[in-house]
Amino acid sequence: KDRMITGITPSGSMSLGNYLGVVKNLIEYQDQYDLFVFVANLHAITIPQDPTMLKAKTKEMTALYIACGLDPEKMTLFLQSDVVEHSQLGWILTTQSTMGELSRMTQFKDKSAKQGESENISIPTGLFTYPCLMAADILLYDPKYVPVGVDQKQHLELSRDIAIRMNNKYGEMHIVPEPILTKGNIKIMDLQDPTKKMSKSSNNPKAVIKMLDTPAEITNKIKSAITDSENLIKYDPVNKPGVSNLMNIYAIIKNFSIDDCHKRWAGKNYKDLKDDVTEALLELIIPIHEKYNEIIKGDYLKDVLENGALKAKKIAIKKVNKVQNKLGINWYR
Ligand code: ATP
Ligand code: MG
């Protein structure tokens, strides 16, 4: 089987965007590929985190992956920091990238702006260099494929550029990974500002559906989701981003085409649309919550992560040795 790797940062609770954009597809991929999935706790600390919260979110993300349908018997689930080779290769790749290419990363521009500083003085350095760690997360396992949402395409481009550059300079050492974009390029938008994507680390709780939100929270968030004053249900992401986003959420969960949606809501109003979206969401999350509550107890998760780290480490150690060798770091190995 071809290898595939992906991760999610526990910078907040898993969002509906994360689920529909990536996690849902992994359930299929775990049968087709040799799938590696990690909880990217080293990426979470690129923005300030409360340690107690970070622990909780890290555990939660692990449990949610499984509750959403990942099966540790079929795939490898681990914690990024448990495999120290991520940091080791990350540093090496930092020396193989340029200030220019990192400055062009749109996420750096967005997130540093969000930190509220126009001056560079208080922007954490990690927020600038993390794409190198991300490249290491990937290249460490020589995967053939990396499943990503559209917002992550630029990161994968950088990983590919670094891989090609090092292969040319020092001799073949990396497989150049291919992106697998979410079917239909799914991008779930922010419920309060539907012109930007839904992000789990958003400051506005009403803007984001979390996979662990209670049914009441979900109902309220959909109720207060921004639409427009036209009261016409039509898929038009440019002129009607809020309504289109709600239609899209429904369509993806229910496997509807946009045509099916137009038929379903012909002559209906926004309340009908929101009621349907809420119902679809509740149907989706309730079984996930049940599974989550079951596996969060006892030592199960710890065992899963320990096993996963062992499997990941075997590959990672070999790869770091190879890279260090090519670069002349390990003279005696
Ligand atoms: P953060 O705000 O911390 O960046 P995030 O919600 O953007 O959180 P990431 O950890 O950056 O989540 O990304 C995890 C995965 O989820 C990525 O593969 C990304 O492409 C996908 N993803 C994130 N947001 C969305 C979205 N709104 N729609 C579809 N896919 C998404
Ligand atoms: Mg993100």
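This text walks through a predicted model, from its domains to its ligand shell and two helix pairs.

Start with the overall layout. The domain assignment splits the protein into two parts. Domain 1 covers 3-181 + 298-327. Domain 2 covers 205-293. Their C-alpha centres are 30 Å apart.

The two domains touch. Domain 1 brings ten residues to the contact, and domain 2 brings nine residues. Look at the domain 1 side. Two helices there, α1 (16-32) and α3 (51-67), each give at least two residues to the side that touches domain 2. By class, that side of domain 1 holds eight nonpolar residues, two polar ones and no charged ones.

Helix α1 also leads to the ligand. Four residues of the shell around ligand 1 come from α1, and this is the largest share. The shell counts 20 residues in total. Those that come nearest to ligand 1 are G17, G21, G149, S199 and S201. The class make-up of this shell is six nonpolar, ten polar and four charged residues.

Next, follow helix α3 to its packing against α12. The axes of α3 and α12 run 9 Å apart, at an angle of about 125°. The two helices are therefore oblique to each other. The crossing of α3 and α12 is right-handed. On the α3 side, the residues are A63, L64, I66 and A67. They meet I288, K291, Y292 and I295 of α12. Seven residues of this contact are nonpolar, one is charged and none is polar.

Helix α12 spans residues 270-295 and has a second packing to inspect. Here the other helix is α9, residues 215-223. The axes of α9 and α12 lie 10 Å apart, and the angle is about 150°. An angle over 145 degrees counts as roughly antiparallel, so α9 is roughly antiparallel to α12. Their crossing is right-handed.

Which residues make the contact of α9 with α12? From α9 come P215, I218, T219, I222 and K223. From α12 come K274, V277, T278, L281 and L282. This contact divides into six nonpolar, two polar and two charged residues.

To retrace the route, return to the two helices of domain 1. Both α1 and α3 supply residues to the side that touches domain 2. Helix α1 also supplies four residues to the shell around ligand 1. Helix α3 packs with α12, and α12 packs with α9.

How values were computed: Residues numbered from 1 in each chain as written. Chains lettered and ligands numbered in written order. Predicted model: local features only at pLDDT ≥ 70, side-chain atom pairs only at ≥ 80, totals over all residues. Domains from an automatic or database assignment. Contact = placed C-beta atoms within 7 Å. Nonpolar A, V, L, I, M, F, W, Y, C, P; charged D, E, K, R; others polar. Near = placed C-beta within 6 Å. Axes fitted to C-alpha atoms, helices over the stretch in contact; angles between N-to-C directions. Parallel < 35°, antiparallel > 145°, perpendicular 65-115°, else oblique. Left-handed = near helix turned anticlockwise from the far one by under 90°.
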